[in-house]
Amino acid sequence: MKSIYQLKKEIVDVGRRTYERGYVASNDGNISARLDESKVLITPTGVSKGFMRPEDLVLVDYDGNVLSQGKRPSSEVFMHLCIYKERPDVNSICHAHPVYATGHAVAGLSLEKCVLPEVIIVLGGIPLVEYGEPGTEEFFKPVLKYLKDHDAFLLQNHGALTIGSDVLNAYHKMETLEHFARISYIAQQLGGVHVLPRDDVEQLIDARARYGVPATAVCQTCDSPGGESCEIYQGASATTNHNANLKPSGSTDIDRERLVKMVTEAVLKKLG
Ligand SMILES: [Zn+2]
C-alpha cells in the first residue's frame, strides 16, 4: 500500500500535468485517490490543479467527513466517493474539461465507435453521460448507469471523467480519451471516421487478456459489416467481475511496447 505522502505527490504531479496540457482552466477539475478502506485523498476546492502543494490535499472518509486541517474538498467529492463504493477495483478518479473531449460532449457526440486499437483495448467505447447540475447528486447519478462497464466517460455539456487502478492509470486514460477526441475531430474534417470491422475489434478484445489489460469496457455502437451492434465485450474473454481483476497498484498500466507489437501483429495478420 502506498503512503499518504506518496499518494499526495502523485496527485500533485498529475494535477500539474492536467493543467499544463490544458485539460482544465482556472480552478476546474478534481482528482482523488483511495488511501485505504476508510479514507480518500481529494483535491481542494478553489485551487488550480497546476499549482497544488501536497499539504493542500484533503483527506475525507467515505461519508464525506473531512479528516484533515486546512482546505475544503472539491464540490464533487460525493461523486468520487460514490464511484469508489461502486467500483472496488478503482483507486483513482480524474475529472477535467479537455477541449476536444468536452467539444464532443457539448456537441452531443459520444466516442463509442471502435476506431483506434489502443483505445479499444484500454477504454472500449466512451459513453456520453446525460447532463446533471455540477456539485449535486444530479451530476453523478447518470454516471452510475455506465459505471460497471466503462472507465472513461464524456459528461454532456461539461467535460470528461476517467477512473483507474492508480493515479497515473486514471490520468493516462484522460490523455488517451483526449487524444482520441482530437483524432476523431481531425478525421471528421478529412472526410469521416472509418470504423474498424467487428472481427478486428474482437481480436483486440481478446488481446486484453493476453496483454494483462484488466479493462472490461463495452462497446455498444460500433458498426460491423452486417450493421449489427457490437456488444461483444460482455461474455467474451473480458470478465465483468472487476474484483477478480484487482492487481497491485502500478501493475495495470499498459505496456506500450507490447501493445505496439500486438497491434503490429494484428495488422500483419490482416494483410495476409
Ligand atoms: Zn467539471
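**Entry 1. The zinc site**

I looked up the metal site and found the zinc ion coordinated by His 95, His 97 and His 158, each through NE2, at 2.0 to 2.1 Å. I note that the model is a predicted one. I then wrote down the spacing of the donor residues in sequence, which is H-x1-H-x60-H. His 97 lies in the loop between β4 (92–96) and α3 (99–107), and His 158 lies in the loop between β6 (152–155) and β7 (159–164), so this pair ties together parts that are 61 residues apart in sequence.

I next checked how far the donors are covered. His 97 has 22% relative accessibility and therefore counts as partly exposed. For His 158 the relative accessible area is 14%, which I record as buried because the cut-off for buried is under 20%. His 95 is among the residues of β4, and it too is buried.

**Entry 2. The sheet**

In what order do the strands of the sheet run? I read seven strands in an open sheet, ordered β3-β2-β1-β4-β7-β6-β5, with mixed pairing. The edges are formed by β3 and β5 (128–129), each of which pairs on one side only.

I followed β4 in more detail, since this strand holds His 95. On one side, β4 pairs with β1 in the antiparallel sense over four bridges. There I found Ala 33 opposite Ser 92 of β4, and Ile 31 opposite Cys 94 of β4. On the other side, β4 pairs with β7, again in the antiparallel sense, over five bridges. Ser 92 has Gly 164 as its bridge partner in β7.

Is β4 mostly covered or mostly open? I record β4 as mostly covered, with five of its five residues buried. Ser 92, Cys 94 and Ala 96 point one way from the strand, while Ile 93 and His 95 point the other way. The zinc donor His 95 thus shares its direction with Ile 93.

**Entry 3. Aromatic pairs**

I searched for aromatic pairs and found three in the structure. In one of them, Tyr 19 and Phe 51 have their ring centres 5.4 Å apart and their planes at 65 degrees; the pair is edge-to-face because the angle is over 60 degrees. This pair links distant parts of the chain: Tyr 19 belongs to helix α1 (residues 4–20) and Phe 51 to the loop between β2 (39–42) and β3 (58–61), 32 residues apart. Tyr 19 counts as partly exposed at 32% relative accessibility, whereas Phe 51 counts as exposed at 58%.

Another pair is formed by Tyr 23 and Tyr 171, which I record as tilted, with 6.5 Å from centre to centre and 35 degrees between the planes. Tyr 23 is in the loop between α1 and β1 (30–34) and Tyr 171 is in helix α6, so the pair ties together parts that are 148 residues apart in sequence. Both Tyr 23 and Tyr 171 are buried.

**Entry 4. Backbone angles in two loops**

Which residues did I note for a positive phi? One is Ser 26, with phi near 50 degrees, a positive value in a residue other than glycine. Ser 26 lies in the loop between α1 and β1, where Tyr 23 is also placed.

Asn 157 likewise has a positive phi, near 50 degrees, and is not a glycine. I located Asn 157 in the loop between β6 and β7, the loop that also holds the zinc donor His 158. Asn 157 is partly exposed, with a relative accessible area of 47%, whereas His 158 is buried.

**Entry 5. A contact at Ile 120**

I looked up Ile 120, which lies in helix α4 (residues 117–122). At 2% relative accessibility, Ile 120 counts as buried. I compared its position with that of Leu 204: the two are 84 residues apart in sequence and 7.0 Å apart in space, C-alpha to C-alpha.

**Entry 6. A nonpolar surface patch**

Last, I turned to the surface. Tyr 185, Ile 186 and Leu 190 form a nonpolar patch, and together they have about 330 Å² of accessible area. Ile 186 is found in helix α6 (residues 167–189), the helix in which Tyr 171 lies. At 45% relative accessibility, Ile 186 counts as partly exposed, whereas Tyr 171 is buried.

Technical notes. Residues are numbered from 1 along each chain as its sequence is written. This is a predicted model: local features need pLDDT of at least 70, side-chain atom pairs count only at pLDDT 80 or more; totals for chains, interfaces and linings use all residues. Side-chain values use heavy atoms; hydrogens and water are left out. Patches are made of residues with over 30% relative accessible area and no salt bridge: like charges are joined within 9 Å, nonpolar side chains (Val, Leu, Ile, Met, Phe, Trp, Tyr) within 5 Å. Accessible areas come from the Shrake-Rupley method with a 1.4 Å probe; for residues, only the protein chains shown count as cover. A salt bridge is a side-chain nitrogen of Lys or Arg within 4 Å of a carboxyl oxygen of Asp or Glu. Buried means under 20% relative accessible area, exposed over 50%, partly exposed in between (1.4 Å probe, protein chains only). Rings of Phe, Tyr and Trp (its six-membered ring) pair if their centres lie within 6.5 Å; planes under 30 degrees apart count as stacked, over 60 as edge-to-face and the rest as tilted. Donors are N, O and S atoms within 2.8 Å of the metal (3.2 Å for Na, K and Ca); water is not among the atoms, so sites may look incomplete. Two strands pair if DSSP finds at least two bridges between them.
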